[in-house]
Amino acid sequence: MPLTHLPPDARPREKLLARGPQALADAELLALLLRTGVQGMPVLQLAQSLLDRFGGWAGLLATDTQQLGQVKGLGPAKRAEIAAVLEITRRSLGQRLAEKATLTDVGTVKAYVRLHLGGLGHEVFAALFLDAQLRLIALETLFQGSLTSTTVHPREVVKRALALGAGAVILAHNHPSGHAEPSQADELLTRRLTDALALVDVRVVDHLVVGGNEVVSFAERGLL
């Protein structure tokens with residue numbers, strides 16, 4: 001059932017234009033992107049099922065096109081539109097962090113990292129390299145796989161920090177299990193990296209652990 005088959009006052013587009021985007025429920029906003037449902041499932045029901053399946057907007061936006069391709073009836077066009085929204089969101093957050101100090105906008109930093117790491121099915125270690133004013137230079141994935149203090153090599157992190165002229169870094173990695181609680185191994189790794197980077201005058205501002213839709217900050221926990 002396409003949106004045009006709904007009564008005029010129930011169509012998300014008309015509702016948005018009349019009352020503003022904040023008046024729409026999450027499923028209605030997503031339905032605007034999808035436009036049509038699939039066989040046996042109207043578009044609003046399809047939108048709600050996607051939000052339920054991936055854990056709301058945060059989970060959906062952190063989902064890659066391969067995972068979206070596993071959803072029955074979600075064709076290339078719909079997958080491309082959702083992926084485009086994800087990339088627009090990433091670029092918008094990245095631009096914001098490049099223009100002002102990250103410490104003034106911790107919520108944006110967490111959202112940015114969650115969008116990059118939250119939907120991955122394997123463990124990834126990344127770093128946000130910052131300039132002397134704590135503005136974002138780049139977010140780079142440095143290591144992948146089962147991460148331990150022996151597989152994340154401090155010298156490689158130091159080399160990238162120096163190559164990019166970074167004055168500080170925010171470390172980040174994900175827990176594919178969905179649990180964001182830092183482990184003892186995470187704390188040990190953070191200490192090793194902090195000590196190594198301190199030798200070249202690069203400060204570790206934070207270490208963020210992403211688990212599903214949750215992001216835990218070492219700085220907020222007093223673990224740095």
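Which residues in helix 1 meet E28, L29 and L32 in helix 2? Keep that question in mind while you read these notes; point 2 answers it.

1. **Getting your bearings.** Please remember as you look around that this is a predicted model. The protein chain contains ten helices and five strands. Its C-alpha trace spans about 65 × 35 × 30 Å along the principal axes. Of the 224 residues in the protein chain, 42% are buried. Try looking at contacts too: among those between residues at least 6 apart in sequence, 58% join residues at least 24 apart.

2. **The helix pair from the opening question.** The residues of helix 1 that meet E28, L29 and L32 in helix 2 are P12, R13, K15 and L16. How do we describe such a pair? Two packed helices are described by the angle between their axes and the distance between the axes. Here, helix 1 (residues 12–19) and helix 2 (residues 26–34) pack at about 115°, and their axes are 9 Å apart. The crossing of helix 1 past helix 2 is left-handed.

3. **The sheet.** Now find the strands. Five of them form an open sheet in the order 2-1-3-4-5, and the pairing is mixed. Strand 2 and strand 5 (214–217) stand at the edges with a single partner strand each, so one side of each has no neighbour in the sheet. From one strand to the next, the twist averages 20°.

4. **How the strands pair.** Try tracing the directions of the strands on screen. Strand 1 and strand 3 run antiparallel and are joined by six bridges; in this part of the sheet, L128 stands opposite I170 in strand 3. Strand 3 and strand 4, by contrast, run parallel, with seven bridges between them. Here N174 stands opposite V210 in strand 4. Strand 4 and strand 5 are antiparallel again, joined by four bridges, and V209 has V216 in strand 5 as its bridge partner.

5. **A turn worth a look.** Strand 4 and strand 5 form a hairpin with two residues between the strands, and G212 in this hairpin takes a positive phi near 65°. Strand 4 itself is mostly covered, with eight of its nine residues buried.

6. **The largest nonpolar core.** This core has 24 residues, and V109, Y112, V113, L128, L130, I170 and L208 are those with the most contacts inside it. The elements giving two or more residues to it are helix 6 (76–99), helix 7 (106–117), strand 1, strand 2, strand 3 (168–174) and strand 4 (203–211). Helix 7 gives the most, with six residues. For a closer view, pick V113: leaving out residues up to four places away in sequence, V113 touches G118, L128, A172, L208 and V210. There is also a second, separate core of 17 residues, which includes V152, V157, V158 and A196.

7. **Helix 8 and its two sides.** Which residues of helix 8 are buried? In helix 8 (residues 154–163), they are P154, V157, V158 and A161. These four lie on the same side of helix 8 because they cover an arc of only 100° around the axis. On the other side, R155 and A163 are exposed. The buried residues of helix 8 pack against strand 1 (124–130), strand 2 (136–144) and helix 9 (184–198). As for its direction, helix 8 lies across strand 1 and strand 2 and runs at about 155° to strand 2. After helix 8 comes G165, which has a positive phi near 70°.

8. **One residue to finish with.** Is T190, in helix 9, buried or exposed? With a relative accessible area of 2%, T190 is buried, because buried means under 20% relative accessible area. Setting aside neighbours within four places in sequence, T190 is in contact with H207, F218 and L224. Try selecting T190 together with H207, F218 and L224 to see these contacts for yourself.

Key
Residues are numbered from 1 along each chain as its sequence is written. This is a predicted model: local features need pLDDT of at least 70, side-chain atom pairs count only at pLDDT 80 or more; totals for chains, interfaces and linings use all residues. Side-chain values use heavy atoms; hydrogens and water are left out. Buried means under 20% relative accessible area, exposed over 50%, partly exposed in between (1.4 Å probe, protein chains only). The arc is that of the directions from the helix axis to the C-beta atoms. Contact means heavy atoms within 4.5 Å. A nonpolar core is a set of buried Ala, Val, Leu, Ile, Met, Phe, Trp, Tyr and Cys residues joined through side-chain atoms within 4.5 Å. Two strands pair if DSSP finds at least two bridges between them. Axes are lines fitted to C-alpha atoms, for helices over the stretch in contact, and angles run from 0 to 180 degrees between N-to-C directions. A crossing is left-handed if the near helix is turned anticlockwise from the far one by less than a right angle, and right-handed if clockwise.
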